[in-house]
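Please open the structure in your viewer and keep the selection tool at hand. The tour goes from stop to stop, with something to select at each.

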Amino acid sequence: MASVEAYLKPEVVQQIGRLDLKARFIAQGFITGLHASPYHGFSVEFSEHRKYEPGDEFNTIDWSVYARTERVYVKKFRAETNTQSYLVVDTSPSMGYSYRGITKLDYAICLAASLGYLMIRQQDPVGLVTFDSAIRTAIPPRCKRSQLTTIISELSKTRPSGVTDIANAIHQVAELARRRGFIIIFSDFLGEIEPMIDALRHLAFRKHDVIVFQILDEAEVKLPFDEFTNFQDLETAETLAVDPNAIRASYQAEINEFISTLRERCLQARVDFQQLDTSMAFDKALMSFLVARKARF
């Protein structure tokens, strides 16, 4: 597994030029890693089975699974397995930050593209939304192979722009996505927590299964600077001169408290939360999605 993880590190993936190749590289590397890891048997066929429940027909029981595991599962029908999903990517200026190598937006785009690859492979309808203060692009969910090309084409030309209003954009997604499904949001979620939680509750009220990937740059988590530094707000261009050594402890306590509060409030809103930084291998994010999705069925 270690060798596979090495290939899924962002700095390795970033050396691949085309996004479609990055998506395939990440997804196929992840699948290979599953088969070579303690998760062997944790099928990437996300929702092929579910646990037997009283009232299920006996002829839907998968007896071959029972023979191997002594657990009773039923085969899921196509209507149950083909779950509509939206990949929702924050393209606001703060997502363009990078301490070294890959920006938060590049990381989110690679992750979204690889999930799109896996979903199309599963014949699950998947669509794309990009946003800053409002929705900028909306591609309706489809499961045709050409859909992946459409999504990757749009993601490939996406650049940081506009201003940030995460809450407003998520409310718009809730109005856009009429049919129940998965809403997978990629953002740094740097903003006031309560308006964002209200917007996520709007999605939950619509009966969507919501998964949040909070993507931060490693520098935003660790503040690794040693010298007196000018920090610039990517949206307002305002700068602030700071001695990182003087504020590191208080800054790390503050950012950790922010992440912890955001995680707790997401869970209270019935939203799955995964915090990532841009130094993390992509397989961690993909596995967290796989676990969250299986838990829903």
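What follows is a walk through a predicted model, one selection at a time.

**Stop one: a charged patch**

Select Arg180, Arg201, Lys207 and Arg270 together and show their side chains. These residues gather on the surface in a patch of positive charge. Two members of the patch are worth a separate look.

Begin with Lys207, in the loop that runs between helix 9 (193–205) and strand 7. Is Lys207 buried or exposed? Its relative accessible area is 55%, and the cut-off for exposed is over 50%, so Lys207 counts as exposed. Now look at the backbone here: phi of Lys207 is near 75 degrees, a positive value in a residue other than glycine.

Move on to Arg270. Where does Arg270 lie? Arg270 is in the loop between helix 11 (244–268) and strand 10 (272–277). With a relative accessible area of 54%, Arg270 is exposed. The backbone of Arg270 also has a positive phi, near 60 degrees, in a residue other than glycine.

**Stop two: a stacked ring pair**

Clear the selection and turn to the aromatic rings. How many aromatic pairs does a search of the whole structure find? The search finds four. One of them is formed by Phe186 and Phe213, so select those two next. Their rings are stacked, with 5.5 Å from centre to centre and 10 degrees between the planes. The pair is called stacked because planes under 30 degrees apart count as such.

Colour the strands to see what this pair joins. Phe186 belongs to strand 6 (residues 182–187) and Phe213 to strand 7 (residues 209–216). The two residues are 27 residues apart, and their pair links distant parts of the chain. Phe186 is buried, at 0% relative accessibility. Phe213 is likewise buried, with a relative accessible area of 0%.

**Stop three: an edge-to-face pair and a cluster**

Select Phe225 and Phe231 for another aromatic pair. What is the arrangement of the two rings? They are edge-to-face: the centres are 5.4 Å apart and the planes make an angle of 80 degrees. Planes over 60 degrees apart count as edge-to-face, which is why the pair is given that name.

Check the cover over each ring. Phe225 has a relative accessible area of 17%, and under 20% means buried, so Phe225 counts as buried. Phe231, at 26% relative accessibility, is partly exposed. Add Tyr99 to the selection: ring pairs link Tyr99, Phe225 and Phe231 into a cluster.

**Stop four: two C-alpha distances**

The last selections are residues to join with a distance line. Start with Gly29, in helix 3 (residues 19–35). Gly29 counts as buried, at 16% relative accessibility. Draw a line from its C-alpha atom to that of Asp283: the two atoms are separated by 8.2 Å. Along the chain, Gly29 and Asp283 are 254 residues apart.

Finish at Glu254, in helix 11. Is Glu254 buried or exposed? At 60% relative accessibility, Glu254 is exposed. Draw a second line, from the C-alpha atom of Glu254 to that of Val221. These atoms are separated by 10.0 Å, and the residues are 33 apart along the chain.

Technical notes: Residues numbered from 1 in each chain as written. Predicted model: local features only at pLDDT ≥ 70, side-chain atom pairs only at ≥ 80, totals over all residues. Heavy atoms only, no water. Patch = residues over 30% accessible without salt bridge, like charges linked within 9 Å, V, L, I, M, F, W, Y side chains within 5 Å. Areas by Shrake-Rupley, 256 points an atom, 1.4 Å probe, with all protein chains shown as cover. Salt bridge = Lys/Arg side-chain N within 4 Å of Asp/Glu carboxyl O. Lys, Arg positive; Asp, Glu negative; His and termini not counted. Charge placed at Lys NZ, Arg CZ, Asp CG, Glu CD. Helix = DSSP H or I, 4+ residues; strand = E, 2+ residues; numbered from the N terminus. Buried < 20%, exposed > 50% of the residue type's maximum accessible area, 1.4 Å probe, protein only. Phe/Tyr/Trp six-rings, centres within 6.5 Å; stacked < 30°, edge-to-face > 60°.
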